[in-house]
Amino acid sequence: QVQLVESGGGLVQAGGSLRLSCAASGRTFSSYHIGWFRQAPGKEREFITSISWNGGTSYYADSVKGRFTISRDNAKNTVYLQMNNLEPGDTAVYYCAAGSALTMSRTYNYWGQGTQVTVSS
């Protein structure tokens, strides 16, 4: 089993940057693929990006491509989401998730509690 804890959220002005972290417990973290999702008020949870267990493959939603970068450090049991050039539309609760399939769907096995990101205009 894997437990995930997100951190790094906060309030930032449009055009600014944030780096989110997803820290995991459990010895098998390096065998899981990791996804980041976000959910804005009144909207469904949407896929942002995912990374394979070894960091060799990643996918991005069109809405964040070129602005967000996912990476992982298996030695630290942590996945990062670097977010640049943030827009008010990026305001949401951000979640990381771990699973055995590298996918853009919400079928990951384990989820964190989320961290709030608010982008002011």
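Select Asp 90 first; this residue sits in the loop between strand 8 and strand 9 (92-99). The model is a predicted one, and every stop on this tour should be read with that in mind.

Colour Asp 90 by accessibility. Is the residue buried or exposed? Asp 90 counts as buried because its relative accessible area is 1%, and the cut-off for buried is under 20%.

Keep the side chain of Asp 90 in view and add the backbone of Glu 87. A polar atom of the Asp 90 side chain lies 2.8 Å from the backbone nitrogen of Glu 87.

Next, expand the selection to the surroundings of Asp 90. Which residues touch Asp 90 once its neighbours within four places in sequence are set aside? They are Arg 38, Arg 67, Phe 68, Asn 85, Val 117 and Val 119. Of these, Phe 68 takes part in strand 7 (68-73), so show that strand as a cartoon for the next stop.Strand 7 belongs to an open sheet of four strands, paired in the antiparallel sense and ordered 1-3-8-7. Strand 1 (3-7) and strand 7 (68-73) are the edge strands, each pairing on one side only. Ignoring direction, neighbouring strands in this sheet are turned against each other by 15° on average.

Move to the pair formed by strand 3 and strand 8. Select residues 18-25 for strand 3 and residues 78-83 for strand 8. How many bridges join strand 3 and strand 8? There are six, in the antiparallel sense. One place to look is Cys 22, whose bridge partner in strand 8 is Val 79.

Now zoom out to the whole chain in cartoon view. The protein has 11 strands and zero helices. Along the sequence the pattern reads β-β-β-β-β-β-β-β-β-β-β.

Draw a box around the C-alpha atoms along the principal axes: its dimensions are roughly 40 × 25 × 25 Å. The radius of gyration is 13 Å, which agrees with the value near 14 Å for a compact globule of 121 residues.

Colour the whole protein by burial. Buried residues make up 43% of the 121 residues, and Asp 90 is buried too. Then switch on the surface: the protein exposes about 6100 Å², with 45% of that supplied by carbon and sulfur atoms.

End with a contact map. Among contacts with a separation of 6 or more, 57% are between residues 24 or more positions apart. Asp 90 and Arg 38, the pair to mark on the map, are in contact.

Terms used:
Residues numbered from 1 in each chain as written. Predicted model: local features only at pLDDT ≥ 70, side-chain atom pairs only at ≥ 80, totals over all residues. Heavy atoms only, no water. Pairing = 2+ DSSP bridges. Helix = DSSP H or I, 4+ residues; strand = E, 2+ residues; numbered from the N terminus. Axes fitted to C-alpha atoms, helices over the stretch in contact; angles between N-to-C directions. Buried < 20%, exposed > 50% of the residue type's maximum accessible area, 1.4 Å probe, protein only. Polar contact = N/O pair within 3.5 Å; in protein donor to acceptor, adjacent residues only side chain to side chain. Contact = heavy atoms within 4.5 Å. Rg over C-alpha atoms; globule rule 2.2 N^0.38 Å. Areas by Shrake-Rupley, 256 points an atom, 1.4 Å probe, with all protein chains shown as cover.
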